Amino acid sequence: MRPLNQKQTIKRILRQLKGYTFYIILSVLMAVITVAGSLLVPIFFGDAINYMVEGATDWKHIFYYFAVIGVSIAFTCVSQWLLNIINNKITYSVTQDIRREAFEHIQKLPLKYLDAHPYGDLVSRNVADVDQFADGLLMGFTQFFTGILTIVSTLVMMFVLNWIIALAVFVLTPLSLFIAKFVSTKTYKLFRKNSQIRGEQTAFIDEMVGNLKVVQAFSHEDENSEKFDEINERLTKASQDATFFSSLPNPTTRFVNALVYAAVALAGALTIIFPTSLPFTFNVGKLSTLLSYANQYTKPFNEITGVITELQNAIACAGRIYELIDQPLQVPDAPNAEVLEKAEGSVDFRDVCFSYSEDRKLIENFNISVKAGQHIAIVGPTGCGKTTLINLLMRFYDVDEGAVCVDGKDIRDVTRHSLRKNYGMVLQDTWLKNGTIKQNIMLGKPDATDEEVIEAAKNAHAHKFIMQLENGYDTYITEDGGNLSQGQKQLLCITRIMLSLPPMLILDEATSSIDTRTEMQIQQAFAVMMKGRTCFIVAHRLSTVKNADLIIVMKDGKIIEQGRHEELLELGGFYNKLYNSQFAV
């Protein structure tokens, strides 16, 4: 998918803002009131100056002017405060919507996309990029609208006071606009590159921290430091380039502002000193008002150019977020998809063909028929397609050709949720979430009672170590399991299945991290749990699958042998060699 360009991204942002039209109207209204209040103050100051220049010493009248000025300033401050509240409401509501949309989208993305992209980059898009977008959007609402209104309104007021001086100011304006245009076209690409490298760096850090034990075990710290330095160097250069071009507007617009102010002051002073035949009077008070307007007129140019820089960064980050949101979702459930109630457990692979990439075939013309309640062991060398079969059973991936059927129904004709609810999975790689031991066990059955949880833990031989923890079942653990050993984490995952007991089970190296004595106990528990249930057992240790009803031997994505343990040994083929190799001295 091609990246969104700047124009496309802006259109998407505007569409996102449509839901907050009411607040945007309020924001514009508050901006108008704020600008109007700031325009009144110079007029009252000018009148007060003229009153005093004319020789008047009526302090009561002078205090009246200052009272009106004070009220105007207070009114402006209140409207500015309300403007900031409204703008914060719009900005953080929009970013909340984007984060929710991105997070929900990630959960519906096909595994093919997630497997091909670093997790750290996805995290960076949903966290850092959204934060950058929020900063730019807030600055845009806070300063951009009021800046535009200030420029237009002060220019109008200057034309009213002295159209000749106002015309001179207007002629100098395009210089600031040219600078803003130059910056906006240059910095967008730089900020986009900066955001991409930041995502790469986040992904690398996430990978290294998550696998720090492996890094240290292989003494790979120096190589990782070199890799990090290389990424960090690129990020530094990209940040410096973006910062350099984004910093150009401030000094240049300030120089233009100084020119404008000096031009107004000089022209106004000469007009007062050398009166002309202008059809309007011009005095010190009006010059004071005009100078104040000139300052108000030029100030937003400096702010807006800074805002444009932030907006470029925000648009670049928003583009990365929308690219993630635009990624095609997994194939949705068919419109007439059925809900698979409690399945009987028969499973058929019918002429199944599947590959992760078109140029590399994996499974071709795969056929097996599993009766309800049978225990099927899947064995073979690494990369033969064992885990791929599990992915197809759970419909994490869809077959390219053929069909996978449960109870005679093509699994593409039933809802994913109901299909997966009928499976219980224990994988080699454990997954625990932030929460208590009990909450982790109850993932598969949220309405389970405490007694059911304890009984499942006892059946899984996890109760003993759980009770040895500081708070027992209420012990809080982090997503990586805290201080639990790998075997204990796997026991918790097994306990989940013991608790929910679905009609079909998938055990992918379920006891790989458990000691031999505990494994024997678990196998006894599995025997009770698996009774009457269809089971798919992926195993490297062939001693654990000797009692399976059917052993499927796979190689290069194809079934090369199948049968019971004794039958396969008698064949003297690949399984026989594989089995004997595990006991060779």
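Both Phe 354 and Tyr 397 are buried in this predicted model, and their rings meet as one of the aromatic pairs of the structure, of which there are 4. The arrangement of Phe 354 and Tyr 397 is edge-to-face, with 5.6 Å from centre to centre and 65° between the planes. This pair links distant parts of the chain: Phe 354 belongs to strand β1 (residues 347-354), while Tyr 397 sits in the loop between α11 (386-393) and β4 (401-406), and 43 residues separate the two.

A second pair is formed by Tyr 575 and Tyr 579, whose ring centres are 6.3 Å apart; their planes make an angle of 20°, which is under the 30 degrees required, so this pair counts as stacked. Here the partners are 4 residues apart, about one turn of the helix, and both lie in α19 (residues 574-581). Tyr 575 is buried, as is Tyr 579.

Helix α19 also leads to the sheet. An open sheet is built from 6 strands in the order β6-β9-β10-β3-β11-β12, and its pairing is mixed. At its edges lie β6 (423-426) and β12 (558-563), each of which pairs on one side only. On average, and with direction ignored, neighbouring strands of this sheet are turned by 20° against each other. As a reminder for reading such pairings, strands of a sheet pair through backbone hydrogen bonds, either parallel or antiparallel. For β11 (residues 550-555) and the edge strand β12, the sense is antiparallel, and the pairing extends over 5 bridges. Within this ladder, Met 554 has Ile 559 of β12 as its bridge partner. Helix α19 packs on the sheet, where it touches β3 (375-379), β11 and β12, and its direction makes about 95° with that of β11.

Another helix is found at the β6 edge strand. Helix α16 (residues 486-500) lies across β6 and β9 (504-508), and runs at about 165° to β6.

Helix α16 in turn meets helix α14 (residues 450-459): the two axes come within 8 Å and cross at roughly 125°. This angle falls between the ranges for roughly perpendicular, 65 to 115, and roughly antiparallel, over 145, and therefore α14 is oblique to α16. The crossing of these two helices is right-handed. On the α14 side, the contact is made by Glu 452, Val 453, Ala 456, Ala 457 and Asn 459, and on the α16 side by Thr 495, Met 498 and Leu 499.

Notes:
Residues numbered from 1 in each chain as written. Predicted model: local features only at pLDDT ≥ 70, side-chain atom pairs only at ≥ 80, totals over all residues. Heavy atoms only, no water. Phe/Tyr/Trp six-rings, centres within 6.5 Å; stacked < 30°, edge-to-face > 60°. Buried < 20%, exposed > 50% of the residue type's maximum accessible area, 1.4 Å probe, protein only. Pairing = 2+ DSSP bridges. Axes fitted to C-alpha atoms, helices over the stretch in contact; angles between N-to-C directions. Contact = heavy atoms within 4.5 Å. Parallel < 35°, antiparallel > 145°, perpendicular 65-115°, else oblique. Left-handed = near helix turned anticlockwise from the far one by under 90°.
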